[in-house]
Amino acid sequence: MTDLYAVMGNPIGHSKSPQIHTAFAKITDQNMLYSAILVPLDGFDTAVDDFFRRGGKGLNITVPFKEDAWRYADKFTARAQRAEAVNTLQKLEDGTVLADNTDGVGMVRDIMVNQGVTIEGKRVLILGAGGAVRGILQPLLEQKPASVTLANRTVSKAEALANDFADLGDITVSGFAEVAGQFDLIINGTSASLAGELPPVPATCITPDTVSYDMMYGAETTVFNQWALDLGAAKAIDGLGMLVEQAAEAFLLWRDVRPATEGVMSAIREDRRR
Ligand code: ATR
């Protein structure tokens, strides 16, 4: 019996998830088929119902359906409940649907395991206060950074987010230009990179030990990572590792085995160079 999995989104043509999960299935010798499904903007619930009715076991959910998936599910992991957005669904034996959000844990794993960068005791600056940042806050705060500053173009959104997570740790809120002090780790969770734009934070944030992390990735170094490198940051990391690690965490939930990620990451980097 081949188990069925898929990623749903709109658009979906450029998703790397089929390539990643097909490689994981091969490495771990799992009998499964993973496809990409383009879902109409008003057709999410129907598409998911259909998929599970056909015997589907699990789904990844991407833009713009992560909040719809949160509403669709019956049960939640703690991190999905916090994120109010979901990138992974699993059909359970009893017929209910479990939701998880593996984005944050994937990012933290990429930073710590793949990149060897410690978060505990570090001064962390996060840029952005949208869904992407909400998704990473719990796993990040669990690492016990020395301080977390959350800066956003719309400051009230950063304030609301800081309030929602106040029980997990203190978060200092500000606008971009008002960010004060130096940081060990700066995470760009805004979608500014998509437009080739740069959140206007002061250059004084960067030290020779600063690591910058852009949750986006592309063929070229992102504008944000280039900015950090130009100011002498120690290291700039893009979102490819996060993409592959969030997939590995979803695979672990579904199949109870954690695939090695290194080979898949270098294969995608290699493709991108061609
Ligand atoms: P996502 O799911 O990617 O987080 P989102 O919830 O729409 O998408 O959030 C986008 C984030 O990027 C927000 O923090 C947004 O800032 P606002 O809250 O002020 O809208 C930020 N953002 C988008 N374009 C930006 C730009 N050009 N410069 C700075 N921040 C930007």
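Student: What makes the approach of E197 to the ligand a polar contact?

Tutor: A polar side-chain atom of E197 sits 2.4 Å from a nitrogen atom of the ligand. A polar contact is a pair of N or O atoms within 3.5 Å (within protein, one must be able to donate a hydrogen and the other to accept it, and residues adjacent in sequence count only if both atoms are side-chain atoms), so this pair qualifies. The protein also covers 71% of the 650 Å² of accessible area that the ligand has on its own, by the Shrake-Rupley method with a 1.4 Å probe, where for residues only the protein chains shown count as cover. Do keep in mind that this is a predicted model, in which local features need pLDDT of at least 70 and side-chain atom pairs pLDDT 80 or more, while totals for chains, interfaces and linings use all residues. Residues are numbered from 1 along each chain as its sequence is written, and side-chain values use heavy atoms, leaving out hydrogens and water.

Student: Which residues come nearest to the ligand?

Tutor: There are 14 residues around the ligand, and A132, N152, T154, K157 and E197 come nearest; a residue is near if one of its heavy atoms lies within 4 Å. A backbone N or O atom of A132 is 2.8 Å from an oxygen atom of the ligand, and a side-chain N or O atom of K157 also lies 2.8 Å from a ligand oxygen.

Student: How do the residues of this shell divide?

Tutor: Four are nonpolar, seven polar and three charged. Ala, Val, Leu, Ile, Met, Phe, Trp, Tyr, Cys and Pro count as nonpolar, Asp, Glu, Lys and Arg as charged, and the others, Gly among them, as polar.

Student: Why is S156 called partly exposed?

Tutor: Its relative accessible area is 45%. Buried means under 20%, exposed over 50% and partly exposed in between (1.4 Å probe, protein chains only), so S156 falls in the middle class. S156 lies in helix α7 (residues 155–164); helices (H or I, at least four residues) and strands (E, at least two) are DSSP runs, numbered from the N terminus.

Student: Why is helix α6 said to be largely enclosed?

Tutor: Nine of the 11 residues of α6 (residues 131–141) are buried, so the rest of the structure largely encloses this helix. Among the buried residues are I136, L137 and R134.

Student: How do you know that β1 pairs with β2?

Tutor: Seven bridges join β1 to β2 (residues 32–38), and the two run parallel. Two strands pair if DSSP finds at least two bridges between them, so seven are enough. Y5 has Y34 as its bridge partner in β2, and G9 has L38. Six of the seven residues of β1 (residues 3–9) are buried, so β1 is largely enclosed too.

Student: What makes β2 and β4 edge strands?

Tutor: They belong to an open sheet of six strands in the order β2-β1-β3-β5-β6-β4, with mixed pairing. β2 and β4 (75–76) each have a single partner strand, so one side of each is left without a neighbour in the sheet.

Student: What joins β11 to β12?

Tutor: Three bridges do, with the strands running parallel, and Y213 stands opposite I237 in β12. The chain crosses from β11 through helix α8 (residues 223–230) to β12, and this β-α-β crossover is right-handed: with the strands pointing away from the viewer, the path from the first strand over the helix to the second runs clockwise.
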